[in-house]
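Reader: I have a model open and want to talk through the labels people put on it. Can you take me through the reasoning behind them?

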Amino acid sequence: MSQTLDQLRLLEVESPGLMKELIRLFVSDAPKQMRLINGAYAQRDPEGVRQAAHFLRPGALALGLNWLAERAGDLEHL
């Protein structure tokens with residue numbers, strides 16, 4: 001995770017404001033993806049769970065949220 005944070009800090013130096021925008025995008029989209037995962041699970045829709053987890057995972061990885069990315073990956077490959 002430290003390596004990811006270092007990369008994000010470097011990115012912010014090279015492109016000021018980009019890290020803030022990445023965080024904003026993730027924070028605005030993640031709840032939607034979580035609702036989609038919950039809804040698909042409740043409807044016993046494995047493809048819906050997989051798709052929502054697939055969209056959640058890269059954003060979590062990009063921000064160094066490894067635990068969330070791993071759980072999304074687990075759901076994606078169930």
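Reader: What makes up the lining of the largest pocket, by class?

Author: This is a predicted model, mind you. The lining has 6 nonpolar and 4 charged residues, and no polar ones. The residues are A40, Y41, R44, D45, P46, V49, R50, L75, E76 and L78. Arg, Asp and Glu count as charged, so R44, D45, R50 and E76 go in that class.

Reader: Which elements give two or more residues to that lining?

Author: Those are α2, α3 and α4, the last being residues 66–76. The most comes from α3, with 3 residues. As for the space in the largest pocket, reckon on about 170 Å³.

Reader: Back to α2 and α3, then. Why are they called roughly antiparallel?

Author: Helix α2 (residues 18–42) and helix α3 (residues 46–62) pack at about 155°. Angles over 145 degrees count as roughly antiparallel, so α2 and α3 get that label. Their axes are 8 Å apart, and the crossing is left-handed.

Reader: Which residues of α2 and α3 meet?

Author: From α2 you get F26, A30, Q33, M34, L36, I37, A40 and Y41. Across from them, α3 brings G48, V49, A52, A53, F55, L56, G59 and A60.

Reader: How many of those are nonpolar, polar and charged?

Author: The contact has 13 nonpolar and 3 polar residues, with no charged ones. Gly counts as polar, so G48 and G59 land in the polar class.

Notes
Residues numbered from 1 in each chain as written. Predicted model: local features only at pLDDT ≥ 70, side-chain atom pairs only at ≥ 80, totals over all residues. Heavy atoms only, no water. Axes fitted to C-alpha atoms, helices over the stretch in contact; angles between N-to-C directions. Helix = DSSP H or I, 4+ residues; strand = E, 2+ residues; numbered from the N terminus. Parallel < 35°, antiparallel > 145°, perpendicular 65-115°, else oblique. Left-handed = near helix turned anticlockwise from the far one by under 90°. Contact = heavy atoms within 4.5 Å. 1 Å grid on protein atoms, 1.4 Å probe; cavity = no way out; pocket = protein on both sides within 12 Å on 5 of 7 lines; lining within 4 Å. Points joined across faces, edges and corners; volume = space filled by probe spheres on them.
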